[in-house]
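Thanks for asking me to look this one over. Here is the structure, followed by a few notes to help you find your way around.

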Amino acid sequence: MALLKDDDELLLNAYFDGELDPVSAREFERRLERDETLKARHDRLQKLREAVRSIPQTGMPAGLQARIQARLDAERRNNNNVTVLRRRTWSYQALAAAAVFGAVISSSVMMTMEQFGQRDSVASEVVAGHIRGLLAPQPYDIASSDRHTVKPWFTARLPASPQVPDLAAQGFSLLGGRVDVIGHNPVATIVYKHAAHTISLTTLRSGQSVPDQTVSGYNVRSWSDPDFTYVAVSDLPGADLTAFERAFSKAAPAPEIK
């Protein structure tokens, strides 16, 4: 992916901060529609800002403000060397408290950024699997439009295999399936076709979170049930992937109670 020019980086941050005038903002939005590199950077920065804003806010402990005010009032009543020493002690205490507070905040920010990066990495790996499938002679290891063939094929190769519903009546034809590797773990990927577009539906362990986004020009849409997290990748418009999600969720049998 090409690097952004310095001017574009400044414009992007000014756009997020609301510092562009209406005419400049509209022109920048038109550029976002045309420039995939700039749009990808915009989406990543927006998600990072949302992640940072989601960090829980910790209020001041009860009674701390009163103790600080009492300490300051006591120091104001004294003008001797003891007062100076106390002020210095307070300064050291304030610096120590600020250091601890800064460490806590920095830790929270780093944890949030790490989680954001992990989710972004999973999406990139899933998209990479989709691209490899498109570049291969065929995007599947088992070619079949029969779900009773594809489902057992997954069962024989993976610890857990997903349901493979037949969605031809909804406009999504089953082509087959393949095994991808995400984070060193083999996972099932079901391959569907809609018109001339291929859809890779990768199944991850339940509980993983992958935000909807665009990676390298491909749309990524994710949803979950008690057994799996599903990540659909295609060059289809977002509305078509939403329709695919609804069709899959409605057609897939309810998870078995264990």
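**Notes on strand E4 and its surroundings**

1. Start at the turn. This is a predicted model, and in it strands E3 and E4 make a hairpin with 2 residues between them. One residue in the turn, Ala-195, has a positive phi of about 55 degrees.

2. Now follow the hairpin itself. E3 (residues 185–194) pairs with E4 in the antiparallel sense, over 6 bridges. For a pair to look for, Lys-193 has Thr-198 in E4 as its bridge partner.

3. E4 also has a partner in strand E7 (residues 228–234): the two run antiparallel and are joined by 6 bridges. Here you can find Leu-204 opposite Thr-229 in E7.

4. Is E4 mostly covered or uncovered? Strand E4 spans residues 197–205, and 7 of its 9 residues are buried, so it counts as mostly covered.

5. Next, the largest nonpolar core, which has 24 residues. Those touching the most other members are Phe-154, Ile-190, Tyr-192, Ile-199, Leu-201, Phe-244 and Phe-248. At least two residues each come from helix H6 (147–155), E3, E4, E7 and helix H7 (238–251). H7 gives the most, with 4 residues.

6. Ile-190 is a good place to zoom in. Leaving aside residues up to four places away in sequence, its contacts include Phe-154, Leu-174, Ile-199, Leu-201 and Phe-248. Gly-176, Gly-177 and Ser-200 are also among the residues Ile-190 touches.

7. Finally, please look for a second, separate core of 13 residues. Among its members are Ile-182, Val-187, Leu-204 and Val-231. You have already met Leu-204, opposite Thr-229.

Terms used:
Residues are numbered from 1 along each chain as its sequence is written. This is a predicted model: local features need pLDDT of at least 70, side-chain atom pairs count only at pLDDT 80 or more; totals for chains, interfaces and linings use all residues. Side-chain values use heavy atoms; hydrogens and water are left out. Buried means under 20% relative accessible area, exposed over 50%, partly exposed in between (1.4 Å probe, protein chains only). Two strands pair if DSSP finds at least two bridges between them. A nonpolar core is a set of buried Ala, Val, Leu, Ile, Met, Phe, Trp, Tyr and Cys residues joined through side-chain atoms within 4.5 Å. Contact means heavy atoms within 4.5 Å.
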